[in-house]
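Here's a chain to load up and rotate while you read. Let's go from the overall picture to the strands, and then on to a few single residues.

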Amino acid sequence: LDVSGAAQIDGALTVSTSAAIDNITIDGNTISTTDSNGHLVLAPNGTGNVQVNSDNLTVTGVADETASLGLQADAASENPDLWKFVSNTANTLTIENQISGSAVSHVTITPNATVADSTFAAAGHLNVGHDLDVTGNAVIDGTALVTGVVTANGGAVFNEGSADVDF
């Protein structure tokens, strides 16, 4: 069937191999673009949403490229509205924000086969709303300001400088 112009089909349309519509190809379970470096945009009408009913959604970067998932609030009207989760080729996961006009890493997770040797780095302030339990050593490179009570089970060690401590 070769149609030039408009065609209306009432009921089901069955295609045995693949269908090409403009720059989109539907082949089996794959929807792809045919134009070079073309984007595939899913744009619902009005206040509709794109919904994925699955237990897994995977974003796979091509060879030697990162994989990213962007979240853009408020129609991306301002730089702070732009967030991105990035799986980097250096095997780190970062959470970025574009508040400065370009993407800046705020949190970086670096895995290790020995999980205790992995790192979780927060670039700015880290506020903990409840308990902070540290298993291992707590290394503070700078000033520790405590407003409240410090409980040291097993003792406390202070090196270099002085400290006024009442026990």
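What follows is a walk through the fold, the two sheets and some residues worth clicking on.

First, a word on what you're looking at: this is a predicted model. The mean pLDDT of the chain is 88, and 94% of its residues reach 70 or more. If you colour by confidence, the low end among the elements is S1, with a mean of 88, while S6 sits at the top with 97.

Now the overall layout. The chain has eight strands and zero helices, so reading from the N terminus you just get β-β-β-β-β-β-β-β. How spread out is the chain against a compact globule? Its radius of gyration comes to 26 Å, whereas the globule rule for 167 residues gives 15 Å, so the chain is more spread out than a compact globule. The box tells you about the extents: along the principal axes, the C-alpha atoms fill roughly 90 × 35 × 30 Å.

A few other global numbers go with that picture. Buried residues make up 7% of the 167 in the chain. Take the contacts with a separation of 6 or more, and 2% of them come from residues 24 or more positions apart. As for the surface, the chain exposes about 14,900 Å², with carbon and sulfur atoms supplying 49% of it.

On to the sheets. As a reminder, strands of a sheet pair through backbone hydrogen bonds, either parallel or antiparallel. Start at the N-terminal end with the open sheet of three strands, whose order is S1-S2-S3 and whose pairing is antiparallel. Its edges are S1 (18-21) and S3, each of which pairs on one side only. From one strand to the next, the twist averages 15°.

Zoom in on S2 (residues 24-27) and S3 (residues 30-33), which pair in the antiparallel sense over four bridges. These two strands make a hairpin with two residues between them. Gly28 lies in that turn and has a positive phi of about 65°. You can follow the register by hand: Asp27 has Thr30 of S3 as its bridge partner, and Thr25 stands opposite Ser32, also in S3.

The other sheet is open too, and it has five strands in the order S4-S5-S6-S7-S8, with antiparallel pairing. Which strands stand at its edges? They are S4 (67-72) and S8 (119-122); each has a single partner strand, so one side of each is left without a neighbour in the sheet. Here the twist averages 15° from one strand to the next.

Within this sheet, have a look at S5 (residues 82-87) and S6 (residues 93-97), which pair in the antiparallel sense over five bridges. One position to pick out is Trp83, whose bridge partner in S6 is Asn97.

Next door in the sheet order is S7 (residues 104-110), and Ile109 is found there. Is Ile109 buried, partly exposed or exposed? Its relative accessible area is 32%, so Ile109 counts as partly exposed, given that buried means under 20% and exposed over 50%. Leaving aside neighbours within four places in sequence, Ile109 is in contact with Asn91, Thr92, Leu93, Thr119 and Phe120. Two of these names fall inside strands you've already met: Leu93 belongs to S6 (residues 93-97), and Thr119 belongs to S8 (119-122). For a distance check, try Val150, which is 41 residues from Ile109 along the chain: the two C-alpha atoms are separated by 29 Å.

Finally, the loops hold two residues to find on a Ramachandran plot. Asp22 is in the loop between S1 and S2. Asp22 isn't a glycine, yet its phi is positive, at about 55°. With a relative accessible area of 72%, Asp22 is exposed.

The other is Asp64, in the loop between S3 and S4. Asp64 isn't a glycine either, and its phi is positive at about 65°. This residue also counts as exposed, with 74% relative accessibility.

Note on methods
Residues numbered from 1 in each chain as written. Predicted model: local features only at pLDDT ≥ 70, side-chain atom pairs only at ≥ 80, totals over all residues. Heavy atoms only, no water. Rg over C-alpha atoms; globule rule 2.2 N^0.38 Å. Buried < 20%, exposed > 50% of the residue type's maximum accessible area, 1.4 Å probe, protein only. Contact = heavy atoms within 4.5 Å. Areas by Shrake-Rupley, 256 points an atom, 1.4 Å probe, with all protein chains shown as cover. Pairing = 2+ DSSP bridges. Axes fitted to C-alpha atoms, helices over the stretch in contact; angles between N-to-C directions. pLDDT = per-residue confidence, 0-100.
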